[in-house]
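User: Please take a close look at a single part of this structure, namely one helix and the helices packed against it. I would like a connected account of the packing and of the aromatic residues in that region.

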Amino acid sequence: MIQVSNVTKYFDDFKVLDDFSLNVRKGTIYGLIGPNGAGKTTIINHINGVLKPECGTITINGAPVYENTNVKERVLSIADDWFFYATYTVKQMAHFYASVYPQFNFERYEAIKQIFKIDERRQIRKLSKGMRKQVAFWLVLSAMPQVLILDEPLDGLDPVMRKQVLNLVIADVTDREMTVLVSSHNLRELEDICDWVGIIHQGRMIIEKPLDDLKGNVHKYQMVIDDECARKLEQNENVLHISKTGAVYNVIIRGDAQETYENMRSLSQVLCEKISLTLEEVFIYELGGLGYDFKNIIV
């Protein structure tokens with residue numbers, strides 16, 4: 001569906017994207033995560049067709065994106081600074097969307113209006129940030145996108161409305177096989193909705209896997225072991241992090257689940273408990289292995 005191959009991008013002398021590749025399958029929700037300045041928004045602007053890659057290719061359904069009107073009609077996006085005309089009401093903006101996107105569906109528009117309950121006669125600029133974000137989802141989903149790109153999409157929404165919006169997005173993925181690429185700093189939110197995850201660091205893709213596989217390759221253990229055993233573990237290249245709280249060591253280790261469990265269990269007969277990792281923890285310790293400084297994080 002979305003294929004990014006070997007894209008490089010400079011801003012002046014700074015290389016923002018470095019031979020970057022990404023593959024998003026049809027009908028999936030793909031979470032793109034990375035630290036500030038990693039290149040997330042830059043690659044999103046390439047996929048939107050706003051920026052032209054200096055080398056490499058970007059295609060959607062096999063067709064190039066840049067300056068391709070037919071593709072852009074089915075690719076919509078919502079960013080934290082979603083654009084609207086300053087004097088337009090919600091209804092006027094809906095008609096503008098309908099003039100740009102041929103698949104705009106007013107029946108869908110009316111159905112979503114019943115969920116958000118915002119007066120369509122109001123000027124968008126006079127709405128709160130959270131209400132403007134609701135309007136963005138209202139109009140974009142009414143345009144029936146084939147691909148939806150979200151960059152920090154839920155900022156400003158209260159928890160109940162976040163759930164409502166995510167339910168609408170998931171329904172379109174399920175019913176229409178809409179494809180979603182989402183970038184957000186809220187990793188717990190991504191963990192609830194994503195099928196695939198890509199981690200970007202310094203303009204390069206370092207990991208791209210189904211979420212379950214990504215979490216299944218990194219494990220967290222609480223163990224009681226002696227200090228000598230802990231020092232040996234620190235030398236293991238698969239150990240991403242080790243710390244001690246009282247008599248208990250916390251160990252983050254990468255590897256096959258069963259093999260890792262057997263190895264760790266052999267080190268301690270007193271306590272060796274495997275604990276589920278969150279996506280946030282996987283992100284932290286994968287980047288920690290690349291020299292990203294997380295020394296002050298307490299596990």
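Analyst: The account below moves from the whole chain to helix α4, its partners and the aromatic pairs.

The model is a predicted one. Its protein chain comprises eleven helices and 14 strands. The C-alpha trace spans about 70 × 45 × 35 Å along its principal axes, and 49% of the 299 residues count as buried. Among contacts between residues at least 6 apart in sequence, 66% join residues at least 24 apart.

Within this chain, helix α4 covers residues 106-116, and its packing against α3, α5 and α6 can be taken in turn.

The pair formed with α3 comes first in this account. The axes of α3 and α4 lie 12 Å apart, and the two helices pack at an angle of about 150 degrees. An angle over 145 degrees counts as roughly antiparallel, and α3 and α4 are therefore roughly antiparallel to each other. Their crossing is right-handed. On the α3 side, the contact is made by Val90, Lys91, Ala94, His95 and Ala98, while α4 contributes Phe106, Tyr109 and Glu110. By class, these residues of the α3 and α4 contact comprise five nonpolar, one polar and two charged.

The next partner is α5, which runs over residues 129-142. Here the axes of α4 and α5 are 9 Å apart, and the packing angle is about 155 degrees. That angle makes α4 roughly antiparallel to α5. The crossing of α4 with α5 is right-handed. From α4, the residues Arg108, Tyr109, Ile112, Lys113 and Phe116 take part, and they meet Gln134, Phe137, Trp138, Leu139, Leu141 and Ser142 of α5. The contact of α4 with α5 divides into seven nonpolar, two polar and two charged residues.

The remaining partner in this account is α6, residues 159-176, whose axis comes within 11 Å of that of α4 and crosses at roughly 155 degrees. This crossing angle makes α4 roughly antiparallel to α6. The handedness of the crossing between α4 and α6 is right-handed. Arg108, Ile112, Ile115 and Phe116 of α4 meet Met161, Gln164, Val165, Leu168 and Asp172 of α6. In the contact of α4 with α6, six residues are nonpolar, one is polar and two are charged.

Certain α4 residues recur in these lists. Tyr109 appears in the contact with α3 and in the contact with α5. Arg108, Ile112 and Phe116 take part in the contact with α5 and also in that with α6.

The aromatic residues add a further layer to this picture. The count of aromatic pairs comes to ten. In one of them, Tyr97 and Tyr101 have ring centres 5.5 Å apart and planes at 45 degrees, so this pair is tilted. Tyr97 and Tyr101 are both buried. Another pair involves α4 itself: the rings of Tyr109 and Trp138 are stacked, at 4.9 Å centre to centre and with 20 degrees between the planes. This pair links distant parts of the chain, since Tyr109 belongs to helix α4 and Trp138 to helix α5, 29 residues apart. Tyr109 counts as buried because its relative accessibility is 0%. Trp138, with a relative accessible area of 0%, is buried as well. Ring pairs also connect Phe83, Tyr85, Tyr88, Phe96, Tyr97 and Tyr101 into a cluster. The tilted pair of Tyr97 and Tyr101 thus has both of its members in this cluster.

The loop leading to α3 completes the view of this region. Thr89 lies in the loop between β6 (75-79) and α3 (90-100). With a relative accessible area of 15%, Thr89 falls under the 20% cut-off and is therefore buried. Leaving aside neighbours within four places in sequence, Thr89 is in contact with Glu120, Arg121, Arg122, Gln123 and Ile124.

In summary, α4 is roughly antiparallel to α3, to α5 and to α6. At the contact of α4 with α5, the stacked rings of Tyr109 and Trp138 are both among the residues that meet.

Key: Residues numbered from 1 in each chain as written. Predicted model: local features only at pLDDT ≥ 70, side-chain atom pairs only at ≥ 80, totals over all residues. Heavy atoms only, no water. Axes fitted to C-alpha atoms, helices over the stretch in contact; angles between N-to-C directions. Helix = DSSP H or I, 4+ residues; strand = E, 2+ residues; numbered from the N terminus. Parallel < 35°, antiparallel > 145°, perpendicular 65-115°, else oblique. Left-handed = near helix turned anticlockwise from the far one by under 90°. Contact = heavy atoms within 4.5 Å. Nonpolar A, V, L, I, M, F, W, Y, C, P; charged D, E, K, R; others polar. Phe/Tyr/Trp six-rings, centres within 6.5 Å; stacked < 30°, edge-to-face > 60°. Buried < 20%, exposed > 50% of the residue type's maximum accessible area, 1.4 Å probe, protein only.
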